[in-house]
2 protein chains.
Amino acid sequence: MNLKHKILDMVNDDLKGIETALKQNLNPYLDIVSEVAGHILFSGGKRLRPLLMVLSARLCGYSGNYDKTFSTIFEYLHAATLLHDDLVDEAKLRRGKPVAYSVYGNSIAVLVGDFLLARALSIAVETGRNNVVSIMAEVTEHMSQGEIHQIVRKGQLDLAEEEYMMIIQNKTALLFKGACRVSAIISDAAEKEEKAISDYGYNLGIAFQMADDLLDYTSDTSSLGKEVGADLKEGKLTLPVIYSLKRADLKDRAQMEMIIKNEKFSVHDFEILIELLKKYEGLKYTEKQAKKYIAKAKEALMVFKPSKTRKILLGIADYVLTRKA
Amino acid sequence: MNLKHKILDMVNDDLKGIETALKQNLNPYLDIVSEVAGHILFSGGKRLRPLLMVLSARLCGYSGNYDKTFSTIFEYLHAATLLHDDLVDEAKLRRGKPVAYSVYGNSIAVLVGDFLLARALSIAVETGRNNVVSIMAEVTEHMSQGEIHQIVRKGQLDLAEEEYMMIIQNKTALLFKGACRVSAIISDAAEKEEKAISDYGYNLGIAFQMADDLLDYTSDTSSLGKEVGADLKEGKLTLPVIYSLKRADLKDRAQMEMIIKNEKFSVHDFEILIELLKKYEGLKYTEKQAKKYIAKAKEALMVFKPSKTRKILLGIADYVLTRKA
């Protein structure tokens, strides 16, 4: 049994509970809202964010009955941003299905995104903890700005590693961190534990996004469920390219720039680019960096004593590095 | 001095305070976010929602220093929905200026909307009252669904008055009600006062939207700051049309339907339609209904003893009926 299946086996009941909660807490008055929200929510997502919250809560000794309910906050928020981001990215496929805005139109996609954001907020209020709502607000502010940051720097070849790090922190890592931190808060965990589980989430989130950016160069469309090379087509410069561009000699850099600037690059062009990413070790470096953050994430968990739950969270960290989609 | 100027004279200091608060509480880390948010926020909006909150709080005896700060919640939320709605409506002008998405692109408009929503949320958390955040979540859920409701019924001639009422309640009146109700909550007002000021806001909101829908048939582009007949072009059936369609004889109804269904109706067509709205009293009926809700709004204020603030709120109710833009 590979790592993914081992983890899935151990979290099977949790995932079932999360699925039920996601269905039960949607509550729109219009059927079309269920349909569009369902299109994005029930299309084979990994449920990584709510799962992190449920497991983190267990690790922090949560004893209430609302972990699954509260975990929907982070899946609804995630789905809301996907609805808005797909529109932003003009993406065509998401998890192997046509994206919502292409099926239902821009307007409905944006507004159902707003609805999901509001639902996440309503459920956050139900925790009865002011700082949970506060974290949610902060995460949303940073996510929208992270996306905007990426857009305003689109196609600009001088994007440095530092700025890339800031973007992925805002658009991805803070949501992971938020899911973990909220679980510590609803569990009344000690400050030391809240910090540890937040660090786990943050570092996991950074590594997750780096692995995601790698997959755009190493996977194929059928296993990824979206177009390969999509980042580059959208003008998004990610770490493999940023690192390689910086190290390339003049001739190779010129060739890379030509390919990157040509929005309609061919399959052949893309293969040349990948060779150059290999030559200048952009892929290897990104993998190394992701590994570093995964190590930090796992290290943070050492504050907690050994348990089945800790083992699963450590396993998830390893999975993030090896995942194929 | 006309009513509008009389009111403006009495709320001059409040409006200045609200302007300052709107500038101070935005806090993005990206300049482009200030620019786009500024495009919608500082373009001559009436500040009706934050003003209602500040005045309602005063009426309820609020004695803190944060009324202006908290009032930004409702202007940021309003601006967020405008950014998303203009995209939805494919509008071209807003307050006489090109709409944000046409200047900055769809993606930025959507994401700055998300940012404003998140800012509103952050400030709601600062009130330290769980039910303020809860009201905000509920208002946002209803607003998005009200807009979606309008879209799914676009161009459908069987929209009844009842369903129209539900749409304008969700997309407009609940935000007005929310602004007023929150002011009662932060003032620790008695239940009776909270209910009264909420009723004022709700009824004012309904009348405001009816007046808005009337203006689409009675105003001209230069004073309205947006295209006249825009609702109809977008397939939005509002009360003047709904009422007239129901009462028209077969021949007139056929003509109205032809004009409504033709997205590219001419100025001449539009004039014919207005004549028919007059003939079947759709304009008069809408005005009568708006007056009824204004009367209810004013009646609700009778719970409070006479004061300068009550007088201003009564004046605002009258203004909603007479406004030209």
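Author: A crossing is called left-handed if the near helix is turned anticlockwise from the far one by less than a right angle. The model discussed here is predicted.

Reader: Why is the crossing of helix 4 of chain A and helix 17 of chain A called left-handed or right-handed?

Author: The crossing of these two helices of chain A is left-handed, and therefore the near helix is turned anticlockwise from the far one by less than a right angle. The angle at which helix 4 (residues 48–59) and helix 17 (residues 308–322) of chain A pack is about 145°, with their axes 9 Å apart; that angle is taken between N-to-C directions, on a scale from 0 to 180 degrees.

Reader: What makes helix 4 of chain A and helix 17 of chain A meet, in terms of residues?

Author: On helix 4 of chain A the residues are A:Leu55, A:Arg58 and A:Leu59, and they meet A:Thr309, A:Arg310, A:Ile312 and A:Leu313 of helix 17 of chain A. By class, this contact has 4 nonpolar, 1 polar and 2 charged residues.

Reader: How do you know which residues B:Ala120 is in contact with?

Author: Contact requires C-beta atoms within 7 Å, and, leaving aside neighbours within four places in sequence, B:Ala120 is in contact with B:Ile73, B:Tyr76, B:Leu77, B:Ala80 and B:Met136. B:Ala120 is also one of the residues that touch the most other members of the largest nonpolar core, which has 207 residues.

Reader: What makes up the side of chain B that touches chain A, by class?

Author: The contact takes 36 residues from chain B and 36 residues from chain A. Helix 8 of chain B gives the largest share of chain B's side, 14 residues, and that side has 20 nonpolar, 11 polar and 5 charged residues.

Methods. Residues are numbered from 1 along each chain as its sequence is written. Chains are lettered from A and ligands numbered from 1 in the order in which they are written. This is a predicted model: local features need pLDDT of at least 70, side-chain atom pairs count only at pLDDT 80 or more; totals for chains, interfaces and linings use all residues. A nonpolar core is a set of buried Ala, Val, Leu, Ile, Met, Phe, Trp, Tyr and Cys residues joined through C-beta atoms within 7 Å. A residue is buried if 20 or more other C-beta atoms lie within 10 Å of its own, exposed if 12 or fewer, and partly exposed in between; C-beta atoms are placed from the backbone. Two residues are in contact if their C-beta atoms, placed from the backbone, lie within 7 Å. Helices (H or I, at least four residues) and strands (E, at least two) are DSSP runs, numbered from the N terminus. Ala, Val, Leu, Ile, Met, Phe, Trp, Tyr, Cys and Pro count as nonpolar, Asp, Glu, Lys and Arg as charged, and the others, Gly among them, as polar.
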